[in-house]
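The following exercises guide the reader through a molecular model. Each task is followed by a worked solution.

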Amino acid sequence: MRSNVSSRSPRKPGRRARPERYLLAALLLFGCNYGLRGGGGFPADIDTIYIAPFENQTVRFELGQEIFSELMEQLPRSLGVRLAGEEVADAIVRGTITRYEDVAEGYRDDPAGRALEVAQQQVTVTVSVQVIDTRRNVILWESSSLTGQGQYSPTSQSETDGRAEAVVDLVQRIIDGAQSQW
């Protein structure tokens with residue numbers, strides 16, 4: 001005698017497939033239809049960029065060079081573009097350093113118990129920045145008050161350490177802003 005045992009119950013006549021299955025199939029078929037552009041961040045026709053030295057309205061004269069150097073190192077790689085001269089670049093990055101602050105953020109008791117001592121300093125650098133498409137003469141991205149921050153402990157580090165951290169943070173925010181448009 002032959003046994004007809006099945007682990008699946010037979011489908012009842014007139015029973016419809018669940019809509020979740022169709023949704024899942026559609027997501028699998030159409031959800032993978034995307035592409036990645038290496039380093040992306042600008043429209044496809046922006047291949048070259050000129051980074052202008054930032055105008056510096058602060059008393060920290062070295063800040064302009066520090067921001068410029070970090071932009072030159074990070075921006076082309078992160079946005080997938082090459083550096084070029086101002087006359088031939090597809091886009092220009094320019095800006096103004098508008099504020100520099102180095103303020104105490106945290107305090108602790110003096111070991112001798114006489115006073116409070118600074119435990120943490122925070123450096124803040126604020127800029128106004130624009131990325132301009134030179135072919136269309138339009139602003140691709142801008143921020144009038146973009147800040148980068150860095151911290152340092154005055155007992156073991158210097159203001160230079162906090163400033164370097166703030167510059168790296170600021171440049172990353174410029175990159176993130178430029179990439180946010182595409």
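Two strands are said to pair if DSSP finds at least two bridges between them. The model examined here is a predicted one.

**Exercise 1.** Determine how strand 5 and strand 6 run and how many bridges join them.

*Solution.* Step one: count the bridges. Strand 5 and strand 6 are joined by twelve bridges, and the definition asks for at least two. Step two: establish the direction. The two strands run antiparallel. Step three: locate a facing pair. Gln122 has Gln151 of strand 6 opposite it. Step four: inspect the link. The hairpin that these strands form has four residues between the strands, and Asn137 adopts a positive phi near 55° there.

**Exercise 2.** State which pattern of helices and strands the protein chain follows.

*Solution.* Step one: count the elements. The protein chain has three helices and six strands. Step two: read along the sequence. The order is α-β-β-α-β-β-β-β-α. Step three: consider the contacts. Among those between residues at least 6 apart in sequence, 66% join residues at least 24 apart.

**Exercise 3.** Compare the expected span of helix 2 with the distance between its end C-alpha atoms, and describe the helix further.

*Solution.* Step one: calculate the expectation. Helix 2 has 18 residues and, at 1.5 Å a residue, should span 26 Å. Step two: compare. The end C-alpha atoms are 26 Å apart, in agreement with that value. Step three: look for a bend. Helix 2 has a kink of about 30° centred on Leu71. Step four: identify buried positions. Among the buried residues of helix 2 are Leu63, Ile67, Leu71 and Leu75. In general, residues three or four places apart in an α-helix point the same way, because there are 3.6 residues a turn. Step five: note what follows. After helix 2 comes Gly80, with a positive phi near 70°.

**Exercise 4.** Identify which residues have the most contacts inside the largest nonpolar core, and which elements contribute to that core.

*Solution.* Step one: name the residues. This core has 32 residues, and Phe42, Phe54, Ile67, Val125 and Val127 have the most contacts inside it. Step two: list the elements. Two or more residues each come from strand 1, helix 2, strand 4, strand 5, strand 6 and helix 3. Helix 3 gives the most, with seven residues. Step three: follow one residue. Leaving aside neighbours within four places in sequence, the contacts of Val127 include Phe54, Ile67, Ile97, Leu146 and Leu170. Step four: set the core against the whole. Of the 182 residues in the protein chain, 35% count as buried.

Methods
Residues are numbered from 1 along each chain as its sequence is written. This is a predicted model: local features need pLDDT of at least 70, side-chain atom pairs count only at pLDDT 80 or more; totals for chains, interfaces and linings use all residues. Side-chain values use heavy atoms; hydrogens and water are left out. A nonpolar core is a set of buried Ala, Val, Leu, Ile, Met, Phe, Trp, Tyr and Cys residues joined through side-chain atoms within 4.5 Å. Buried means under 20% relative accessible area, exposed over 50%, partly exposed in between (1.4 Å probe, protein chains only). Contact means heavy atoms within 4.5 Å. The expected span of a helix is 1.5 Å times one less than its number of residues. The bend at a residue is the angle between axes fitted to the seven residues ending there and the seven starting there.
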